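Got the model open in your viewer? Let's walk through it one selection at a time.

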Amino acid sequence: MREYLTAECYKLFRRKYFYGALIVCLLLEGLLLWSSWFTSINGNTHSTFAMAAFMLQTLLTVGMYATLVTGDLAFSDQYRFTTLKNEVSYGIPRSRIYLGKLAAATLAAVIAAAVMLGFYLLGAWLLLPHGAGDGEALALAGYWIAGAFPLWLGAQGVAILCCFHMRSAAAGAFLSVFLLAVLPCIFQMLGYLVHPAFLAVYHCFPGDMLGRFPSDMLGQPVIDWSYAGRCWLVGLAWLIGSTAVGMVLFRKKEIR
Amino acid sequence: MTDRVLTTRGLTKRYNSAVAVDHMDLDIGLGEIYGLVGRNGAGKTTLIRMITAQTVPTEGDISLFGAKDERENRRMRARLGTMVETPGFYPYLTARQNLEYYRLQRSIPGRRAVDEVLEAVGLDKTGTKRFKDFSLGMKQRLGLALALMGRPDLLLLDEPINGLDPEGIVEFRDLLLRLNRERQTTILISSHILPELANLATCYGFLDHGVLLEQISAAGLEEKCRACLELHVDDAAKAAQVLELELGARDYEVLTPRVIRLYSHLEEPERVTKALVLGGVSLSAAESRGADLETYFLRLIGGVRHA
């Protein structure tokens with residue numbers, strides 16, 4: 001597995017796609033920081049480091065969709081380029097192929113997340129005014145990230161499952177969006193219209209959990225570790241479940 | 001240890017109701033160059049795809065290097081070199097980067113392994129040119145390089161000379177013959193270019209509609225394809241006597257009581273027929289026979305179809 005992962009990293013980090021996507025995200029973050037800084041120097045007293053850190057919560061769902069990009073990056077359009085046959089033909093177990101690409105996608109996602117979060121927080125720290133709430137804001141940001149991480153992992157599992165089982169990358173992305181964004185909406189609707197049990201299912205989707213982090217109550221920041229614990233349970237369940245389904249389906253899949 | 005490199009028993013692949021490969025029993029021995037001959041859709045590629053685990057057989061067994069089960073087969077596949085259909089590589093990587101990726105993945109020791117095969121196929125000077133900018137012939141050569149990397153014991157090549165220029169075909173043939181001679185590499189090769197196959201193969205398997213019609217050695221095929229005069233007579237034994245006495249012929253074969261094949265006097269069929277008639281043998285037909293690989297195959301499948 002170590003050799004397989006080394007090879008995946010060799011390929012992955014030679015792609016301009018990875019750096020291009022990262023640069024675009026960093027530019028967008030830069031734009032956000034610049035606008036915060038610009039309003040700050042023009043007298044907006046709310047534009048502080050603490051406020052910038054609070055804004056991270058709204059970006060958590062973006063992290064979930066970013067897993068579609070890292071999944072595609074690691075899978076590298078194998079069906080279009082017919083490269084998967086070069087792996088199975090030489091006796092590399094299909095389980096290793098599946099897990100190897102999942103691990104590579106996760107690694108790319110973690111690196112990209114670390115760079116983007118680091119850039120954002122460091123930029124905000126350097127550019128924006130500081131105040132008494134900085135420590136609290138940072139703690140809250142850490143709590144969100146700690147809770148969001150397993151949910152991102154779950155989404156990554158779903159993205160890789162779709163990459164492996166759809167012959168076109170576009171169809172894979174479409175299926176991922178359906179599973180991560182459309183399906184929960186259907187459950188939500190069924191919950192309101194048919195039975196409240198569907199709402200319970202809806203609350204177990206990564207997208208919903210990322211959007212429901214308790215952040216403040218009566219103006220006071222709240223860190224609810226039991227919610228973060230639930231995020232870990234749900235996120236890992238999605239990761240394990242999607243990986244198990246993906247590996248079973250891939251076991252006998254025709255490779256061309 | 002076994003001298004059988006590849007054995008299949010009852011190997012079958014069905015796609016819904018269509019049978020792509022039908023109960024195939026194949027035997028390939030160590031050091032053989034096995035030519036797989038069949039027209040489009042005969043099952044050649046499906047057979048190779050099953051051997052390389054790209055598709056799962058519907059029934060039957062495959063044994064690579066004497067492996068007892070699929071788990072052992074998987075281990076043995078590390079000893080394969082394969083090229084199935086068009087070569088697949090990452091378009092944004094160079095030839096060297098593509099091969100380095102697979103070298104790392106398969107734990108083939110030494111970076112030299114990549115240089116060796118690139119030199120062998122003449123792609124060692126492609127530098128930073130990416131796979132997407134390669135010509136068809138270059139892509140094919142890179143596919144061969146991948147198949148050769150790691151010094152395989154069994155090469156499985158599906159239409160490997162498609163897209164190669166005449167010079168490339170000669171180089172490729174010499175390379176395969178050298179590998180076979182020097183390293184005893186066993187080769188299973190399918191090709192539509194039958195004369196080219198005839199220059200390589202030591203053994204043939206003829207496929208049609210997923211069925212292995214015949215397995216035959218190159219020597220056996222040569223014997224079967226030998227030029228002769230086939231004579232249809234009322235009494236083959238009597239005809240043999242006449243041929244011996246009147247023409248001094250010794251090189252003949254009585255196939256049935258009414259058919260005899262004469263391997264000498266091929267340039268003078270009139271003299272032969274005259275001798276037979278004068279000797280009291282009733283001759284109903286006399287035809288020149290003898291075939292190359294293509295003709296033999298077409299006869300075997302029962303007529304001219306796409307080979």
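Start by selecting B:Leu142 and everything it touches. Setting aside residues up to four places away in sequence, B:Leu142 touches B:Pro87, B:Phe89, B:Ala95, B:Asn98, B:Leu123, B:Phe131 and B:Phe134. Keep in mind as you click around that this is a predicted model.

Now widen the selection to the core around that residue. The largest nonpolar core has 132 residues, and B:Leu142 is listed with B:Leu99 and B:Ala145 as having the most contacts inside it. Which helix gives the most to this core? Helix 8 of chain A (residues 134–165) does, with 17 residues. Apart from this core lies another, of 13 residues; colour B:Tyr252, B:Val272, B:Leu276 and B:Val281, which are among them. As background, nonpolar side chains tend to be buried together in soluble globular proteins.

Next, show helix 5 of chain B, residues 136–148. Helix 5 lies across strand 5 and strand 6 of chain B, and runs at about 165 degrees to strand 5.

Stay with strand 5 of chain B, residues 80–83, and turn on side chains. B:Leu80 and B:Thr82 point one way, B:Gly81 and B:Met83 point the other way, and all are buried. Then add strand 6 (residues 154–158) of chain B: four bridges join strand 5 to strand 6, and the two run parallel. To find one of the partners, pick B:Thr82 and look across to B:Leu156 in strand 6 of chain B.

Time to show the whole sheet. What is the strand order? In chain B, this open sheet of six strands goes 5-6-7-3-8-9, with mixed pairing. Strand 5 and strand 9 (211–217) of chain B are the edge strands, each pairing on one side only. Look along the sheet and you should see the twist, which averages 15 degrees from one strand to the next.

Go to the strand 9 edge of chain B. Strand 8 (residues 203–208) of chain B is joined to strand 9 by six bridges, and here the two strands run antiparallel. B:Tyr204 has its bridge partner, B:Ile216, in strand 9 of chain B. Before leaving the sheet, display helix 1 of chain B (residues 44–51). This helix lies across strand 3 (33–38), strand 6, strand 7 (186–190) and strand 8 of chain B, at about 145 degrees to strand 6.

Two loop stops come next, both with backbone angles worth a look. Most residues other than glycine have a negative phi. B:Glu85, however, has a positive phi of about 55 degrees although it is not a glycine. You'll find B:Glu85 in the loop between strand 5 and helix 3 of chain B. Is B:Glu85 buried, exposed or partly exposed? B:Glu85 has 16 other C-beta atoms within 10 Å, so it is partly exposed.

The other stop is B:Gln184, in the loop between helix 6 (166–183) and strand 7 of chain B. B:Gln184 is not a glycine either, and has a positive phi of about 55 degrees. With 12 other C-beta atoms within 10 Å, B:Gln184 is exposed.

Now bring both chains into view. In chain B, 28 residues are in contact with 24 residues of chain A. On the chain B side, helix 2 (70–76), strand 5 and helix 3 (95–105) each supply at least two residues. Helix 3 of chain B gives the largest share of that side, six residues. Colour that side of chain B by class and you get 14 nonpolar, nine polar and five charged residues.

Hop over to chain A and select A:Arg96, in helix 7 (residues 94–127). Leaving aside neighbours within four places in sequence, A:Arg96 is in contact with A:Met1 and A:Tyr4. A:Met1 is 95 residues away along the chain, but the C-alpha atoms of A:Arg96 and A:Met1 are separated by 6.5 Å. A:Arg96 counts as partly exposed because it has 16 C-beta neighbours inside 10 Å.

Finally, zoom out on chain B. Chain B is divided into domain 1 (4–222) and domain 2 (226–290), and 45 Å separate the centres of these two domains. The chain has eleven helices and 13 strands, and its C-alpha atoms fill a box of roughly 75 × 40 × 35 Å along the principal axes. Of the 307 residues in chain B, buried residues make up 41%.

How values were computed
Residues numbered from 1 in each chain as written. Chains lettered and ligands numbered in written order. Predicted model: local features only at pLDDT ≥ 70, side-chain atom pairs only at ≥ 80, totals over all residues. Buried ≥ 20, exposed ≤ 12 C-beta atoms within 10 Å, placed from the backbone. Pairing = 2+ DSSP bridges. Domains from an automatic or database assignment. Axes fitted to C-alpha atoms, helices over the stretch in contact; angles between N-to-C directions. Contact = placed C-beta atoms within 7 Å. Nonpolar A, V, L, I, M, F, W, Y, C, P; charged D, E, K, R; others polar. Core = buried A, V, L, I, M, F, W, Y, C linked by C-beta atoms within 7 Å.
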